Amino acid sequence: MDILIYGFINSATLALMALGFTLVYGVSRLPNFAHGALYVLAGYICWLLLNRLGLPYILAIALALAFVAVVGGAMYQLILVRIRGMSISEIIASYAIGLAILEGLRWGGLKGGTFTLSAFLEGSVDLLGVSVDFQRILVVVLGALLVGLLYFFVNHTRLGLALKGMAQDERAALTLGIDSDRMAVASMALGSLSAAVAALILLPLGSIVVEAGYHVLIMAVAVCIVGGLGSWTGAILASFVIGFAQILTTVYLGAHFQVVVAILAIILTLILRPSGLFGKQKELEERV
Amino acid sequence: MAKAQESRRKERLDRGVKVRSDGVYAVASWREMAFLLGPRLLLIVGLLVMPLVLMPSPYWQKVLTIICIYSLLAIGFDFLAHYVGLVSLGGALYIGVGAYISALLNTEMGLPIWATIPLATVLGGGVCTVLLWPCLPLRGVYFAIVSLMFPLLAARLIEAFDVFGGTDGIMGLDGFPNRWSEMYVLIICLLLVLFALRRLVNEDVGLVFRGVKDNDQAVKASGIDITTYKALGVFIASSLGCLGGASLAHIYMWAGISQFALDFSIIPIAATVVGGGGTLAGPVIGCLILVPISELLRDFGTLRVAVYALILMGFIVFKSEGLMSYGSRKYNQFEHWVEI
């Protein structure tokens, strides 16, 4: 029972971490390797607003979300737009931005232990014989809510449909008057926003540390590759596969192996089925 | 005024000697020979003289050896990325494998340092090639992502299984006999590698490599097994990294998990971008610039990595051709404004 419940929670956590990455990649074919950095940045900004400026929690969260979304959009508008389409440059540049943010924060004194956000809800509940605290339940609920919201957004709003159109065929979208650069900015902002949302939901479970940035990046990449880059269904399914695999290895082998599982999952997927669980044949040709 | 600007453009003309030296018999006078040999001699003599110039400060001599190690790694990255078309973000894997192999050969089997380094170079190249073999069909972004994961995985596995000394690493390796041998071995290796790779990429093999980079399907269609060639490329590049790693282990007299660290993955890439991709000598120049910066910033801890990342970002966005290509253009061509 332990394994089932914690596996479920862990899977929801992974899905939250990966949503932003898969959103950006799905729309603008841009592997955003600064994803983890934006995640940590959101937590840190929120902490600063709470503890240095003394803002109320809700306001701090809203401001942190807005700030990170703007940073994400600006990152595209100022830097990535110049190297769009050169996939290697995109990776290196976005990775470099992420490194600069993370190591800059580390230099600025972001160390483990001191920086914590308090949980939204205190207390815990007994669920089928396993005690689970409210924050973890909130993770699952908000995760599901976020997925639902993004689904609604992509399929039922003008901007979302434009994004979807661009993901399917950029040239056709351009002829229909969709400005692909503006859409890409929007997708980066949205992706960063969802990284920030994930950060603010997940970070109260631990403390804000720089290493979380690398961890989140690896997990997001793992989930997206196993699920098939750019595929939503794949990403959610993959986060369940990896989530349960991680909990199982933690229980039977030890906590050291958590990251090993994720990395092995990436490597095995790329070797055995490079387009991922839900990838399409066309993408396979691009890869192999 | 703005209009006047628009109606001009820059015209570039090759210098006469450059045009003729693209053929076989190029040189007409000592002046032209000096023109052609100058930059090459500058690099070779410069590197050979550097340890003597730096004699007053052993610290900077040490930095020079580190520069050579990073240069080897960066040349490997450049070769793999710009001649074979595989972007490997995990240079640390090569350093780590080389370091651990030479450490094991030295401490467990008691081989002398002059045997461990060449053995680690060849064996390490083999090990890295075998490890990366399953990923070779991948290309572009996907190979980059997987290769980024390998050093992380290696470090985690060593930590998790507690093999090879676990988190403490392997201690008590033999050092180099003296610091002169340390420097000159590396510098001469570096120059030989530069020379050999420059020759290699102009041979038939190099042609196939570039074919794999530009259009692997076409190469495949002409009956050449591209995976073998990619593996050969990876073997060459990873041997260079392993050579660097083995030397590093003997310089520090220690091999440990930190040799899988991020620095070894990011600095060669930054050096290649700064120096100019696809030029082979460019990465060396990049390392000559970046590694001293990193030493000067040592007091600031991880700020170094942030500074690198910023330099890298600036170069890749605003000057992606790199210093080497820029310099050789200025050297080989006349430039002037012409009215249109």
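Guide: Welcome! pLDDT is the predictor's confidence in each residue, from 0 to 100. We need that idea here, as this is a predicted model.

Visitor: Which elements of chain A have the lowest and the highest mean pLDDT?

Guide: At the bottom is helix α12 (residues 281-287) of chain A, with a mean of 47, and at the top is helix α3 (residues 57-78) of chain A, with 86. Chain A as a whole averages 79, and 88% of its residues score at least 70. For chain B the average is 82, with 96% of the residues at 70 or above. The model also carries an ipTM of 0.75 and a pTM of 0.82.

Visitor: Where in chain A does pLDDT stay under 50?

Guide: Start with the general idea: where pLDDT is low, the predicted coordinates should not be read in detail. In chain A, the values stay under 50 over residues 281-288, a stretch for which the model has 17 contacts beyond four places in sequence.

Visitor: What does the UniProt record say about residues 7-27 of chain A?

Guide: The unreviewed UniProt entry annotates them as "transmembrane region", and its list also includes residues 137-154. We can set the model beside that record. Residues 7-27 of chain A are 100% helix and 0% strand, and their end C-alpha atoms lie 29 Å apart. Residues 137-154 of chain A are likewise 100% helix and 0% strand, with 26 Å between the end C-alpha atoms.

Visitor: How do I read two helices that pack together, and at what angle do α12 and α13 of chain B pack?

Guide: Look at the angle and the axis distance, then the residues that meet. Helix α12 (residues 263-275) and helix α13 (residues 281-296) of chain B pack at about 110°, with axes 7 Å apart. Angles of 65 to 115 degrees count as roughly perpendicular, so that is how α12(B) and α13(B) stand to each other. The crossing is right-handed. Among the residues that meet are B:Ile267 and B:Ala270 from α12(B), and B:Gly286 and B:Leu290 from α13(B). By class, this contact has 7 nonpolar, 4 polar and no charged residues.

Visitor: At what angle do α9 of chain A and α7 of chain B pack?

Guide: Helix α9 (residues 211-227) of chain A and helix α7 (residues 141-161) of chain B pack at about 130°, and their axes are 12 Å apart. α9(A) and α7(B) are therefore oblique to each other, and the crossing is left-handed. A:Ile218, A:Val221 and A:Ile225 meet B:Ile145, B:Met149 and B:Leu152. That contact has 6 nonpolar, no polar and no charged residues.

Note on methods:
Residues numbered from 1 in each chain as written. Chains lettered and ligands numbered in written order. Predicted model: local features only at pLDDT ≥ 70, side-chain atom pairs only at ≥ 80, totals over all residues. Heavy atoms only, no water. Axes fitted to C-alpha atoms, helices over the stretch in contact; angles between N-to-C directions. Helix = DSSP H or I, 4+ residues; strand = E, 2+ residues; numbered from the N terminus. Parallel < 35°, antiparallel > 145°, perpendicular 65-115°, else oblique. Left-handed = near helix turned anticlockwise from the far one by under 90°. Contact = heavy atoms within 4.5 Å. Nonpolar A, V, L, I, M, F, W, Y, C, P; charged D, E, K, R; others polar. UniProt positions renumbered as here; feature names shortened; annotations may be inferred.
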